[in-house]
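The following exercises are to be worked with the sequence and the coordinates at hand. Each task is followed by a solution in steps.

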Amino acid sequence: MIIASRQWTFGRISLLVVGLFLFSGCAAVHQAHSNLQTDHNHAESATTPGADPDLTQDWAKQRLAKSTRHQEWVKIKYKPAGGNAEREVSAFVVYPEVKNKAAAVIVIHEIFGMSDWVQSLTDQVAEAGYVAIAPDLLSGMGPHGGGTGDVATAGSNAIGVAIRDLPSDQVTADLNAVADYVSKLPASNGKVATGGFCWGGGQTFRYATNSDKLKAAFVFYGTVPLTGKPPALPVDKGALAKIGAPVYGFYAGNDARINATLPATIEAMKELKKNYDPVTYEGAGHGFMRAGDAPEPVAPVATGNAEADKLATETYEKALTSYKANKKARDEAWVRWRSILAKI
């Protein structure tokens, strides 16, 4: 049985997480969990090189705050199979402003956990006309029994380490509980899809191999289930054979490690006669959905120091080129995503 209790305040991600993203991409996290199968070198999303983490967090918070849609936090309780203790998952839900019942989309967060951007993205899914729910899969993993924000208090690498150590069975059980909950909401028509980003993209692909609840799985720059580690790329055909829902891939052109898995994935899915439709957005980097959602880089102000101004201008131009490519990919991906969702 699933019990949901509602909380009417919005969670805030620790600045440690945003700082990690801005100043080191995923390098620090990657060092802490090098045995992960996915690439976490995210595209830059700061407005300026070395930007204050508050700045990047603010644009997501501000967008979320301006939304007119109903947003709420819920706690979903369930008893894991074979266990005696009840587990509780915190999730962020946003309702669309539509007349009829709508399909639901489960948003699976990046390796940064339940960030402000994930909440903003969830609101954008609701804006497109769907009941959107984003579970904090680190719920209960913090030193004080909390989720992402609590985990972050344990250190700059704590979130990456905690996500690395999440049991696959627990993630699957959490997602099953969330799917059961959201599909039974009065505003839902019972159809459920999932969309995940980075680590969440890999979890979306994996969940599609374990769930008969999905109408579609949207994988944003995440890896296919593997039987080992790259570079051998041993695709887990046994797992893929269990997929029932169509899988749609969204990949970045400048993301060599993730893209190295694509030929084997395409071949395996074709061999197994599974519906797999991958699209690569050229010029974009890993994490383009977040990076392309951020504000445009700000041009530097001349200081009178010729050498410093030249370096600042070159850095800005590089950041602007990257931003434009990521924004283009993000915008095109949104059009595609909405088009597919409308058909489920």
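**Exercise 1. The aromatic cluster**

Identify the residues that ring pairs link into a cluster, and classify the pairs Phe218–Tyr248 and Trp334–Trp337.

Solution. The model is a predicted one. Ring pairs join Trp117, Phe197, Phe218, Phe220, Tyr221, Tyr248, Phe250, Tyr281, Phe288, Trp334 and Trp337 into a cluster. The structure as a whole holds 16 aromatic pairs.

Step 1. For Phe218 and Tyr248, the ring centres lie 5.4 Å apart and the planes meet at 20°. Planes under 30 degrees apart count as stacked, so this pair is stacked.

Step 2. Phe218 belongs to strand β7 (residues 214–220) and Tyr248 to strand β8 (residues 247–254), so the pair ties together parts that are 30 residues apart in sequence. Phe218 and Tyr248 are both buried.

Step 3. Trp334 and Trp337 also form an aromatic pair, with 5.1 Å from centre to centre and 35° between the planes, and this pair is tilted. The two residues are three apart in helix α13 (residues 306–341), which means that about one helical turn separates Trp334 from Trp337. Trp334 and Trp337 are buried.

Step 4. A charged group is found at one member of the cluster, Phe250: the charged end of Arg336 sits over the ring of Phe250, 4.3 Å from its centre.

**Exercise 2. The packing of two helices**

Determine how helix α7 is oriented relative to helix α8, and list the residues that make the contact.

Solution. Step 1. Helix α7 (residues 168–183) and helix α8 (residues 199–208) pack with their axes 11 Å apart, at an angle of about 80°. Angles of 65 to 115 degrees count as roughly perpendicular, and α7 is therefore roughly perpendicular to α8.

Step 2. On the α7 side, the contact is made by Ser168, Val171, Thr172, Leu175, Asn176 and Ala179; on the α8 side, by Gln203, Arg206 and Tyr207.

Step 3. Sorted by class, the residues in this contact are four nonpolar, four polar and one charged.

**Exercise 3. Three residues in their surroundings**

For Gly195, Ser120 and Ala268, establish whether each is buried or exposed, and which residues each touches beyond its neighbours in sequence.

Solution. Step 1. Gly195 is located in strand β6 (residues 188–197). Its relative accessibility is 0%, so Gly195 counts as buried. With residues up to four places away in sequence set aside, Gly195 touches Val105, Ile106, Val107, Ile108, Thr204, Phe218 and Trp337. Phe218 and Trp337 are also members of the aromatic cluster. Gly195 and Val247 are 52 residues apart in sequence, with a C-alpha to C-alpha distance of 10.0 Å.

Step 2. Ser120 is part of helix α4 (residues 116–127). Ser120 has a relative accessible area of 1% and is buried. Apart from neighbours within four places in sequence, Ser120 is in contact with Ala60, Arg63 and Leu64.

Step 3. Ala268 lies in helix α11 (residues 262–271), and at 1% relative accessibility Ala268 counts as buried. Not counting residues up to four places away, Ala268 touches Val235, Lys237 and Leu240. Leu240 is 28 residues from Ala268 along the chain, and their C-alpha atoms are separated by 7.9 Å.

**Exercise 4. The chain as a whole**

State how many helices and strands the protein chain has, and what share of its residues is buried.

Solution. Step 1. The protein chain has 13 helices and nine strands.

Step 2. Of its 344 residues, 54% count as buried.

Step 3. Among contacts with a separation of 6 or more, 75% are between residues 24 or more positions apart.

Key: Residues are numbered from 1 along each chain as its sequence is written. This is a predicted model: local features need pLDDT of at least 70, side-chain atom pairs count only at pLDDT 80 or more; totals for chains, interfaces and linings use all residues. Side-chain values use heavy atoms; hydrogens and water are left out. Axes are lines fitted to C-alpha atoms, for helices over the stretch in contact, and angles run from 0 to 180 degrees between N-to-C directions. Helices (H or I, at least four residues) and strands (E, at least two) are DSSP runs, numbered from the N terminus. Angles under 35 degrees count as roughly parallel, over 145 as roughly antiparallel, 65 to 115 as roughly perpendicular and the rest as oblique. Contact means heavy atoms within 4.5 Å. Ala, Val, Leu, Ile, Met, Phe, Trp, Tyr, Cys and Pro count as nonpolar, Asp, Glu, Lys and Arg as charged, and the others, Gly among them, as polar. Rings of Phe, Tyr and Trp (its six-membered ring) pair if their centres lie within 6.5 Å; planes under 30 degrees apart count as stacked, over 60 as edge-to-face and the rest as tilted. Buried means under 20% relative accessible area, exposed over 50%, partly exposed in between (1.4 Å probe, protein chains only). A charge sits over a ring if NZ of Lys or CZ of Arg is within 6 Å of the ring centre and within 35 degrees of the ring normal.
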